[in-house]
Amino acid sequence: MRILEIKVMRGPNYWSVRRPKLIQMKLDLEEMETRPTNQIQGFRERLEQLLPSLYEHRCSEGVPGGFFSRVDEGTWMGHVIEHIALEIQTLAGMDCGFGRTRGTGEREGVYYVVFDYMEEDAGVYAAKAAFRIAEALINDQPYDLEEDIQRMREIREDTRLGPSTGCIVEEAAKRGIPYIRLNKQSLVQLGYGVHQKRIRATIASTTSNIAVDIACDKEETKSLLEAAEIPVPRGTVIRTEEGLKEAIDKYGYPLVIKPIDGNHGKGNTTNITTWEQAVTALEAAKQYSRSVIVERFITGVDFRCLVINYKFVCAALRTPAAVTGDGEHNIQWLIDETNKDPRRGYGHEKVLTQITTDQFTQKMLDDKGYTLETIPAKGEQVLLKPTANLSTGGTSTDVTDEVHPANIFMCERIARIIGLDICGIDIMACDLRTPVSENGGAILEVNAAPGFRMHIEPAEGLARNVAEPVVDMLFPRGSAGRIPIIAVTGTNGKTTTTRLTAHIAKSANKKTGYTTSDGVYIQNQLMMKGDCTGPISSAFVLKDPTVDFAVLECARGGLLKAGLAFQHCDVAIVTNVAADHMGLGGINTLDQMAKVKAVVPETVFPHGYAVLNADDDLVYAMREGLKCNIALFSMDENNPRIKRHCQKGGLAAVFENGYISIMKGTWKIRVMPVKDVPLTYEGKATHNIANCLPAVLATYLFRDITIEDIRSALSSFIPSSLQTPGRLNFFHFRQFTMLADFAHNPHGLRLLCDFVSKLEYPYRVGVISGTGDRRDEDIRELGEISAQYFDEIIIRCDKNLRGRTADEIIGLLKEGVDKVNPELPTRVIANENEALEYIYANPHPGALYTIMCDVVAGALDKIRELKEREENEPARELSSK
């Protein structure tokens, strides 16, 4: 067996629209294709011994033990690897349960093994680990499963959002607010385009930078609070042992020493009662900050109050990691027993974190004259950490309902004094039931980016949804942080439809971002060049803070490689489904291709619209099962599908009596005569009429885009190498004309040739090529179509041959040409630039040279170079050719 490739799906995809996070592993079983599980002696027993929890996998049987039944009956190793990958993720604290194993259609024994993941890197690791486990089980070799489980736990903790950021993202997602993770840490964008907000941990884009700076400077915080009559510990800032001695003389013991700009309790030492302890604490604090705070140690217990949007939200009692002696066992044994609590896990995977011993633990034990072997007295509490952080094994108890109104007022006032809209306030006091100003307590710190875990998962007491007020603050009720998205897919016409749709939106004063097969544009500015029809390009638009309307071209490649960049769109357009890219990515039939394209309309909101081509059987069939509204378009107003749809009150766009018209039930709105739409070349480019229909219909669906906006846009959308690069781009030379177009599959070439046949040129030359990763029959068909329409053919090759030789592609194209007209003049000039130079040097007077572009930008640049050369040359005599 061998793994051929692993792909990570991050959005709605071919396998599942509702489960966007999937690993797709392409697996070649090789000789194992002939050895199902029931033919591998002892395999079932070894599998069950290593992973007994697989018993819970119901598989297609639908009952516990169902998967093992399949193993007994005989199933293939791809199916087994799928279930192992799911289970080992679950054992590592990432509950996963969706999987599929299907043949690729390439050859026998090659499968796609698909399963869901929670953390991408852990999912990829699970794929490789499941493969290794299966091999070990087949070969009856020992395997250390725990090593894989622990590694996945570590990957999860390293890569996932922390509990604070994660709970805000989850709350936003519940409200339909989309999010994009902007880095591998905790920077997250909530919402799209102009409506986006950002969070980093629990600091929001609304949070004052000055306030964060103040909170990070403990002395400045203390000074402001003291000036406002907030109770704080008396203390000072020092740098040297001499300063330390002066502070001790002034304040006496017990003391606290901590770095001036530390966080998470790093470098803090509490309850210092001797000079030796003080010197050690000074050195510990100076590891984090040159300046160190020395202040009076306030006795009591540690409370954290949380204020969001300047309103008190909740409070928790924090207890450092500790064990309680039983008079029989040593401290290490007590730690181990405490860690057996099922609520304790690795990192943030559970409510509580396991207690580990470190230098802080050792120091605290040393201060008491203890070691890990010491047996504490029964009932004696032994503190193991100097601070009450949950990440070091501490616990929290919710005390929100016990907080005195005076303390609530004080906390809200502190947040205003510092200026923090999300604020954690550390209070040391005997309790919060009485005013801190009266019970001898004090404010120890004010925290920017306070951790939420102690509140959302307290060890005791009520859990508090502290993410809710954060999202309320960022997105007041009724705001989802979204911008309108029109997604465009299909085989041909996507780019022109996308560009025209975006142009209409811009004409309606939308700040439009759009993606196409030649680049990403933000308000008409080209930001990225190349094929930008995948999820990275879509995300680029959705992340842009200037965009308030998105039109996204979504091609087959991106859908199969990674899925969509968005979970939902407002309108989806499907232009058509034709034979292109067949045999790639496991897509071998038109029905499978239609399923790929159908992913886009399946993401439409229930209140949105799928705009479908009623002239295309496969596209029209996509309406079945959609949970959104349907709008249709057709080149024939008498199409029975259109008639039935409109009789039911449906919306449609049709080409009728020379007009682009919108049909609304029994009503008809004539938008514009096609002869007045430049894109249609006075109606000769029928495929562009077909491209206008969904663009008009999709934009009409938005109330703030008017018919006048649409008419204006149709009139001003002038086809050119700048407006529509690679789509019917004419270049008029003195003796001939070049027409550059991206037609790259039989369906597209036939439409192009139909247009060319309507043009009044005495001689037509086709400059054709074939794409190497297409099927033989597809490349031959390009030759056949060309031979039907052109008087002469020049065969060239794409820059990227995509797995074939130039001779193979040329041979297939010639076979197609010869099948139709073996006498047709045909010349081979493999290099595109050389072919264009040949045309320029040897023009046929009055001829139209139709050029199938590969790299559109490169071809257009070369043609422009030739045009400029001609303009700088004296007029040549007409060729006698």
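Lysine 819 is exposed, with a relative accessibility of 64%, and this residue makes a good starting point for a tour of the charged pairs in this predicted model. Its partner in a salt bridge is glutamate 784, with 3.6 Å between the closest N and O atoms. Lysine 819 belongs to helix 27 (residues 806–820) and glutamate 784 to helix 26 (residues 776–789), so the salt bridge ties together parts that lie 35 residues apart in sequence. Glutamate 784 has a relative accessible area of 19% and is buried, because the cut-off for that label is under 20%.

Strands take part in such pairs too. Arginine 670 and glutamate 656 meet through their side chains in a salt bridge, at 2.8 Å from N to O. Here strand 32 (residues 667–673), which holds arginine 670, is linked to strand 30 (residues 651–656), which holds glutamate 656; the two residues are 14 apart. Arginine 670 is partly exposed, at 37% relative accessible area, whereas glutamate 656 is buried, at 2%.

A further salt bridge joins glutamate 106 to lysine 26, whose closest N and O atoms are 2.5 Å apart. Glutamate 106 sits in the loop between strand 3 (99–103) and strand 4 (110–116), while lysine 26 is part of strand 2 (residues 22–28), so this pair, with its N and O atoms within 4 Å, links distant parts of the chain, 80 residues apart. Glutamate 106 is partly exposed, with a relative accessible area of 37%, and lysine 26 is buried, with 13%.

Salt bridges can also be joined into a network, as they are for Glu171, Arg175, Glu468, Asp472 and Arg477. The structure as a whole contains 58 salt bridges.

Note on methods
Residues are numbered from 1 along each chain as its sequence is written. This is a predicted model: local features need pLDDT of at least 70, side-chain atom pairs count only at pLDDT 80 or more; totals for chains, interfaces and linings use all residues. Side-chain values use heavy atoms; hydrogens and water are left out. Buried means under 20% relative accessible area, exposed over 50%, partly exposed in between (1.4 Å probe, protein chains only).
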